[in-house]
Amino acid sequence: MKRLYIKTFGCQMNENDTEKVFILLGDSYVKTDNPEEADLVLINTCSVREKPEHKLYSEIGRYRLLKSKRPDLLLGVMGCVAQQEGERLLQRFPYLDLILGTQGFYRIKEALQTIENKGSPVIFNQLRDDFTIPLTLPNKEPPRRVKAFITIMQGCDNFCTYCVVPYVRGRENSRSPEDIIEEAEHLVKKCGVREITLLGQNVNSYGKKHKGYVDFADLLNLLSQIEELWRIRFTTSHPKDLSEKLVRTIAENPKVCKHIHLPLQAGSNRTLKRMNRKYTKEEYLEKVNLLRAHCPEIAITTDLIVGFPGESEEDFNETLEMMEKVRFQEVFSFKYSHRPFTVASKLGEEIPEDIKEERLTKVHKLQESITESILKAYLGKEVEVLVEGRSEKDLGKLTGRITTNIVVNFTAPRLDLIGSLVKVKIEEAGKHSLKGKYVETLKC
Ligand code: SF4
């Protein structure tokens, strides 16, 4: 049987797409972790930031060496950069065999067949506005696992001025609730999955463009009826679309985890407007207050961009003020970088690299102290942990997450608790995770 190696860059959605490629190829390819022995090498790419895009180019060069030793090896690029660059990738790297965009990779079988028949490279990177993700279920017994992702929608209509997503993932389109439920039931019943993370660029607007679809809150409620599914997570939520109904669902549905990733991006209204985020900092704070009023234990994490074109020192200080006010559990912060096609890349007023670096350091420093105090508040408490596996740093320990998405590493009398929900007493708080000891098993 032929072997397939996929190197994945970027977000959870890309990881999910990688998984789908293996499913789509069914029995014709088996997975290998060693590119040296692969018959097909794919690089699943991300172009949301500059860095991973640059990494791709050095990665292609690496696999070119393999291909020069074994000319029958097929080499392809999929994902956002394949979508964005298409034909240009082939001009730059003429030895590539496959270029499969964010919708095109679903046609991988057809692409491989075409290469076999014609011997010429294949490019599938057309974007269709009406594209919806097809239902892709494993046709053979998949390995048992605790967690899985389900992509519930694709694309985005928001056009934030710094973001390439609408250009490389297309217009927003939701999958039908029936397809999503069928996939979830399959994962739970056939694969033993206990926790599902629903993925979309803006899950809060799920179903809005489709007559007859439920909204996101109702989708959560429908999924929570799957008996052996214990936990549901989701990402990402656009603050402008966070409704009171969804907030109540998060608070009241015990299967929905008490964590929301709510990207703020910047703390000054001037920058938010230039980013086309469609909310003010006051409106963002109202959403935070609503969440905490209904669900006081909820953890809020966020994304921040520093050094957006024209961001003044005062603008940046407002971002720091917002961090103090909201007290995010975790912040994913990035220096602004130009992305192709975007409005922000033409704004001018660029912020020098050393100032961006300085601002990023300030964000890190402030967040470190906030995260530290949030984690310290767990000391001595008993928490529910869904056990995901052995701790990477200490194989004698188990690891899992609590509902608020914090990682807990803990000692237990037995190591065969993977997939169980256990109670753990917290004894130590680290910079990003907690340590504790097993108390009892709650569900297995
Ligand atoms: S909401 Fe904005 S940042 Fe998020 S994917 Fe859409 S355009 Fe990009």
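How do the residues of the shell around the ligand divide into nonpolar, polar and charged? The legends below take that up after a look at the whole chain.

**View 1. The chain of this predicted model is split into three stretches.** Domain 1 covers 2-124, domain 2 runs over 147-376, and domain 3 takes in 382-443. Going by C-alpha atoms, the centres of domain 1 and domain 3 sit 37 Å apart.

**View 2. Here's the shell around the ligand, which divides into six nonpolar, four polar and no charged residues.** Three cysteines turn up in the shell: C156, C160 and C163. F159, V165 and P166 surround the ligand too, and so do N158, Q201, N202 and H238.

**View 3. Three strands make an open sheet, in the order β7-β10-β11.** The pairing is parallel, and from one strand to the next the twist averages 25 degrees. β7 (147-151) and β11 (231-235) are the edge strands; each has a single partner strand, so one side of each has no neighbour in the sheet. As background, strands of a sheet pair through backbone hydrogen bonds, and that pairing can be parallel or antiparallel.

**View 4. Zooming in on the sheet, we get β10 alongside β11.** Strand β10 spans residues 195-199, and five bridges join it to β11. To pick out one of them, look for T197, whose bridge partner in β11 is R233.

**View 5. Helix α1 lies across two strands of the sheet, β7 and β10.** This helix is made of residues 12-25, and it runs at about 95 degrees to β7.

**View 6. Helices α7 and α8 cross at roughly 35 degrees.** The axes of α7 (residues 177-191) and α8 (residues 216-223) come within 11 Å, and the crossing is right-handed. On the α7 side, P177, I180, I181 and A184 make the contact; α8 brings L219, L222 and L223. What kinds of residues are these, nonpolar, polar or charged? The contact of α7 with α8 has seven nonpolar residues, no polar and no charged.

**View 7. Helix α9 packs against helix α11 at an angle of about 35 degrees.** Here α9 is residues 244-252 and α11 is residues 281-294, with axes 9 Å apart. α9 passes α11 in a right-handed crossing. From α9 come E244, V247, R248 and A251, and they meet L290, L291 and H294 of α11. This contact is a mix: four nonpolar residues, one polar and two charged.

How values were computed
Residues numbered from 1 in each chain as written. Predicted model: local features only at pLDDT ≥ 70, side-chain atom pairs only at ≥ 80, totals over all residues. Axes fitted to C-alpha atoms, helices over the stretch in contact; angles between N-to-C directions. Helix = DSSP H or I, 4+ residues; strand = E, 2+ residues; numbered from the N terminus. Left-handed = near helix turned anticlockwise from the far one by under 90°. Contact = placed C-beta atoms within 7 Å. Nonpolar A, V, L, I, M, F, W, Y, C, P; charged D, E, K, R; others polar. Domains from an automatic or database assignment. Near = placed C-beta within 6 Å. Pairing = 2+ DSSP bridges.
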